[in-house]
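Have the model open in your viewer and a selection tool at hand. We will go from the whole chain to single residues, one stop at a time.

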Amino acid sequence: MMKVAKNVARADARKQERKDRKMMNCPNCGAALESGAGFCASCGNAVAQTPVPGNAPQMMQPGENAGGKKGQAIASLALGIASLFAWIIPLFGFPVAIGGLITGIAGRKTSAKAMATIGLVLSILGLIATIANAAIGAYMGATGQHPVVNTIMY
Ligand SMILES: [Zn+2]
């Protein structure tokens with residue numbers, strides 16, 4: 001008999017302990033909060049749940065970093081596309097294509113790797129076109145065939 005009562009009491013204590021850990025009160029209005037709730041159901045106040053040590057903060061930080069660097073993948077794609085047009089004028093083509101290369105390499109380390117890779121490839125194409133155009137322009141200028149150079153020089 002005594003043993004059974006003791007076990008019941010211990011089980012009750014364990015249950016109460018679990019309940020205490022689950023139940024939180026809103027720091028704003030004091031209403032009881034559902035465990036895991038991010039917001040108070042009573043007043044709508046955002047509630048910072050005490051995170052499991054070493055779990056939640058680690059999950060937050062890479063996400064934030066990837067979000068920040070993801071901009072580099074987007075920038076690389078934008079610069080890569082722009083370099084396909086900017087190569088026509090080497091003065092614009094070089095900075096745009098090189099910017100696309102740098103952001104593309106940085107962006108490939110993020111979750112937007114595919115986007116950064118496309119930006120990187122487009123930037124390389126833009127850079128090749130820019131170099132080719134600059135080389136042709138320089139050659140034509142040097143040999144007196146460049147229409148723009150001819151207009152200015154002669
Ligand atoms: Zn509240």
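How many of the 154 residues in the chain, as a percentage, are buried? Buried residues make up 20%, where buried means that 20 or more other C-beta atoms, placed from the backbone, lie within 10 Å of the residue's own, exposed means 12 or fewer, and partly exposed is in between.

Before selecting anything, note that this is a predicted model, in which local features need pLDDT of at least 70, side-chain atom pairs count only at pLDDT 80 or more, and totals for chains, interfaces and linings use all residues. Numbering starts from 1 along each chain as its sequence is written.

**The whole chain**

Colour by pLDDT, the predictor's confidence in each residue from 0 to 100. The chain average is 78, and 73% of the residues score at least 70. Now select residues 54-64: here the pLDDT is below 50, and beyond near neighbours in sequence the stretch has two contacts in the model (a contact puts two C-beta atoms, placed from the backbone, within 7 Å). Where pLDDT is low, the predicted coordinates should not be read in detail.

Switch to cartoon view to find five helices and two strands, in the order α-β-β-α-α-α-α. These are DSSP runs numbered from the N terminus, with helices being H or I of at least four residues and strands E of at least two.

**Helices H3 and H4**

Select residues 90-107, helix H3: its 18 residues reach 25 Å from first C-alpha to last, close to the 26 Å expected at 1.5 Å a residue (1.5 Å times one less than the number of residues). Its buried residues include Gly93, Val96, Gly100 and Leu101.

Add residues 113-142, helix H4, which packs against H3 at about 155 degrees with the axes 8 Å apart. Axes are lines fitted to C-alpha atoms over the stretch in contact, and angles run from 0 to 180 degrees between N-to-C directions. That makes H3 roughly antiparallel to H4, a label for angles over 145 degrees.

Among the buried residues of H4 are Met115, Ala116, Gly119 and Leu120. Just after H4, click Gly144, which has a positive phi near 75 degrees.

**From Ala78 to Ala116**

Finally, select Ala78 in helix H2 (residues 56-86). Is Ala78 buried or partly exposed? Ala78 counts as partly exposed because it has 17 C-beta neighbours inside 10 Å. Draw a distance from its C-alpha to that of Ala116: the two are 38 residues apart along the chain and separated by 9.7 Å.

Methods:
Parallel < 35°, antiparallel > 145°, perpendicular 65-115°, else oblique.
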